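Please load the model in your viewer and keep the selection panel at hand. The tour starts with the charged side chains, goes on to the whole chain and ends at a single residue.

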Amino acid sequence: MSSAVVFAYHNVGVRCLRVLLAGGVDVRLVVTHEDNPEEKIWFASVRQICIENDIPYISPANPNTPEVESRVAALGADFLFSFYYRNMLKAPLLASVKRGAYNMHGSLLPNYRGRVPVNWAVLRGENETGATLHQMNVKPDNGAIIDQFAVPILPDDTAQDVFEKVTVAAELCLFRTLPKLISGTAEQRAQDLSQGAYFG
């Protein structure tokens, strides 16, 4: 059985965590966020999924501390996954697993690297976006692409509409690719970073 440490939040975090569980992955720890009382929480709870499935979870203000790094490293997990976790993960965490660290990003990389990619795609009049599973390194959203799943943006779609599509795209992308990651047969494709840009 493959094992993982998962950094997750929001609807994409919930759906992708469910994919790992359905795929038989031993989720040894989830790192999530405390809900911000000043933010309207309209999305599903990763914490609740952990409670329902007896998965240990923590919610540190900063994951890049010696305490969190040592705890993650001690688990000896195969994979690290980041699903809409809001903090950047530094090198010690990324190097603490045996078979690689992977992030699910809400755009078709290399387009719309960085923050709130769905909002930017809608604001800039794109007719397509999607979800990308990619390798993580210390620079945001620039690791090799493992898989992508595209969805349309219709002329009257709101960011909410498109985010719901991207959530499904992320689930489908991970569901399709997880067996290949576990078997070691997943292919990698380097990003041509000149074809996209960062957004704040």
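Select the charged side chains to begin with: in this predicted model the protein carries 18 positive and 21 negative side chains, and the centres of these two sets lie 5 Å apart.

Next, show the molecular surface of the protein, of which about 9700 Å² is exposed, with carbon and sulfur atoms supplying 52% of that area. If you then colour the residues by relative accessible area, those that are buried make up 48% of the 200 residues.

Switch now to a C-alpha trace and align the view with the principal axes, along which the trace spans about 50 × 40 × 30 Å. The radius of gyration is 16 Å, which agrees with the value near 16 Å that a compact globule of 200 residues would have.

A cartoon view brings up the secondary structure, which comes to 6 helices and 9 strands. If contacts are drawn as well, keeping those with a separation of 6 or more, residues 24 or more positions apart account for 71% of them.

For the last stop, select helix 1, which covers residues 10-22 and includes His10. Is His10 buried or exposed? With a relative accessible area of 9%, His10 is buried, because that value falls under the 20% cut-off. To see what surrounds His10, leave out residues up to four places away in sequence and select the ones that His10 touches, which are Trp42, Phe43, Ala44, Val46, Tyr84, Arg86 and Phe163.

Technical notes. Residues are numbered from 1 along each chain as its sequence is written. This is a predicted model: local features need pLDDT of at least 70, side-chain atom pairs count only at pLDDT 80 or more; totals for chains, interfaces and linings use all residues. Side-chain values use heavy atoms; hydrogens and water are left out. Helices (H or I, at least four residues) and strands (E, at least two) are DSSP runs, numbered from the N terminus. The radius of gyration is taken over C-alpha atoms; the globule rule is 2.2 Å times the number of residues to the power 0.38. Buried means under 20% relative accessible area, exposed over 50%, partly exposed in between (1.4 Å probe, protein chains only). Contact means heavy atoms within 4.5 Å. Accessible areas come from the Shrake-Rupley method with a 1.4 Å probe; for residues, only the protein chains shown count as cover. Lys and Arg count as positive and Asp and Glu as negative; His and the chain ends are not counted. The place of a charge is taken as NZ of Lys, CZ of Arg, CG of Asp or CD of Glu.
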